Amino acid sequence: MYLSLRMNVIPPDIQYCSLRGIMVYIQTMEKRIMTIVAEDSDEIGAMQIERLELGPFSTNAYIVTCQKTQNSVLVDAPAEADIIIDKLKNTTPKYIFLTHNHMDHIGALAQLRNELNVPLAAHAADAGNLMPPPEILLSDGDTVLVGNLKLTVLHTPGHTPGSLCFRVGRYLISGDTIFPGGPGKTGSPADFNQIVKSITSKIFILPDDTQIYPGHDDSTVLKKEKDEFAVFASRFYDSHLCGDVLWLST
Ligand SMILES: [Zn+2]
Ligand SMILES: [Zn+2]
């Protein structure tokens with residue numbers, strides 16, 4: 001029954017998203033998770049990262065807030081705009097950042113753009129059908145200030161051509177590029193090779209204690225992912241590999 005339910009609710013576009021996110025949906029469809037996942041006050045200044053798990057595909061939106069200025073940025077706009085707006089109401093939203101242009105991450109985007117009236121920022125390669133176009137196009141290495149916080153942009157193609165991750169201090173919001181146990185879903189072996197290159201060349205060079213917050217599912221620690229990838233990379237694997245891959249069991 002769960003399988004048929006799943007097949008019925010998955011639009012074609014979602015096939016490119018992690019199935020693990022959909023499994024989480026099945027487990028948690030009765031509840032809505034909103035948790036503060038990180039609070040820090042080290043060299044980057046006081047900040048808070050809040051996770052909102054929203055919509056039929058259990059997609060995570062994150063709100064990163066500079067606690068000194070209360071300026072905030074919303075990362076992704078999955079669904080249920082009213083809940084997101086309510087969570088933002090004690091902050092001053094400055095931007096909406098998009099990790100990538102898949103429907104489970106943009107379901108509430110039109111309403112949020114209308115009501116928040118802040119610029120949308122995305123990578124050009126994922127901006128094609130966004131209407132109106134994003135006010136800001138982000139590139140690898142860009143930095144954006146949100147209050148006292150500095151967010152750094154990583155371009156990590158593979159899941160989509162314009163996939164982005166956002167780093168603030170030792171925290172990484174990773175969209176559907178990397179999850180606990182594996183990369184995001186890829187549609188071809190070339191895309192798989194590309195996402196592996198993105199992960200190894202841009203994410204695994206960050207400090208081992210970097211906390212990773214994906215677009216679905218719970219957070220993970222970079223060192224654990226690096227260790228699991230090392231096991232995967234040490235084995236022979238089919239050159240046609242793509243789709244949903246787990247480092248330890250694929
Ligand atoms: Zn996706
Ligand atoms: Zn997704």
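**Figure 1. Confidence along the predicted chain.** The mean pLDDT of the chain in this predicted model is 87, with 82% of its residues reaching 70 or more. Residues 1-32 deserve some care when you look around, as the pLDDT is below 50 over this stretch. Beyond near neighbours in sequence, residues 1-32 have 46 contacts in the model.

**Figure 2. The chain as a whole.** Here you can trace seven helices and 15 strands. Of the 250 residues in the chain, 44% are buried. Contacts between residues at least 6 apart in sequence join residues at least 24 apart in 56% of cases.

**Figure 3. The largest nonpolar core.** This core holds 49 residues, and the members that touch the most others are V64, L74, V75, A77, I84 and I96. Strand 3 (residues 59-66) supplies the largest share of the core, with five residues. To explore the surroundings of one member, start from V75: leaving out residues up to four places away in sequence, V75 touches A61, Y62, V64, F97, T99, F166 and I173.

**Figure 4. Strand 5 and its parallel partner.** Strand 5 covers residues 92-97, and five of its six residues are buried, so the strand is largely enclosed by the rest of the structure. Strand 4 pairs with strand 5 in the parallel sense, over five bridges. If you would like a place to begin following the pair, find N71, which stands opposite T92 in strand 5.

**Figure 5. The loop between strand 4 and helix 3.** Two neighbouring residues are worth a look in this view. A79 is found in the loop between strand 4 and helix 3, and with 22 C-beta neighbours inside 10 Å it counts as buried. Residues that A79 touches, not counting those up to four places away in sequence, are L54, G55, G107 and A108. The C-alpha atoms of A79 and H105 are separated by 7.5 Å, although these residues are 26 apart along the chain. E80 also lies in this loop, which runs between strand 4 (71-75) and helix 3 (81-88). The backbone of E80 has a positive phi, near 55 degrees, in a residue other than glycine. E80 has 17 C-beta neighbours inside 10 Å and counts as partly exposed.

**Figure 6. A cis peptide bond before P132.** Look for the peptide bond that joins M131 and P132: it is cis, with omega about -10 degrees. P132 lies in the loop between strand 6 (120-123) and strand 7 (136-138).

**Figure 7. Helix 6 and its two sides.** Helix 6 spans residues 189-203, which makes 15 residues. From its first C-alpha to its last, helix 6 reaches 20 Å, close to the 21 Å expected at 1.5 Å a residue. Buried residues in helix 6 are D191, F192, I195, S198, I199 and I203. These residues lie on the same side of helix 6 because they cover an arc of only 120 degrees around the axis. On the other side of helix 6 you will find A190 and S201, which are exposed. The cover over the buried residues of helix 6 includes strand 10 (164-168), strand 11 (171-175), strand 12 (178-179) and strand 13 (182-183).

**Figure 8. An open sheet of six strands.** The strands of this sheet follow the order 8-9-10-11-14-15, and their pairing is mixed. Strand 8 (143-146) and strand 15 stand at the edges, each with a single partner strand, so one side of each is left without a neighbour in the sheet. As a reminder for reading the view, strands of a sheet pair through backbone hydrogen bonds, either parallel or antiparallel.

**Figure 9. Strands 14 and 15 with the loop between them.** Strand 14 and strand 15 pair in the antiparallel sense over two bridges. I212 has T220, in strand 15, as its bridge partner. D217 sits in the loop between strand 14 (211-214) and strand 15 (220-221). Although D217 is not a glycine, its phi is positive, at about 80 degrees. Is D217 buried or partly exposed? With 18 other C-beta atoms within 10 Å, D217 is partly exposed.

Definitions and conventions. Residues are numbered from 1 along each chain as its sequence is written. Chains are lettered from A and ligands numbered from 1 in the order in which they are written. This is a predicted model: local features need pLDDT of at least 70, side-chain atom pairs count only at pLDDT 80 or more; totals for chains, interfaces and linings use all residues. A nonpolar core is a set of buried Ala, Val, Leu, Ile, Met, Phe, Trp, Tyr and Cys residues joined through C-beta atoms within 7 Å. A residue is buried if 20 or more other C-beta atoms lie within 10 Å of its own, exposed if 12 or fewer, and partly exposed in between; C-beta atoms are placed from the backbone. Helices (H or I, at least four residues) and strands (E, at least two) are DSSP runs, numbered from the N terminus. Two residues are in contact if their C-beta atoms, placed from the backbone, lie within 7 Å. The expected span of a helix is 1.5 Å times one less than its number of residues. The arc is that of the directions from the helix axis to the C-beta atoms. pLDDT is the predictor's confidence in each residue, from 0 to 100. Two strands pair if DSSP finds at least two bridges between them.
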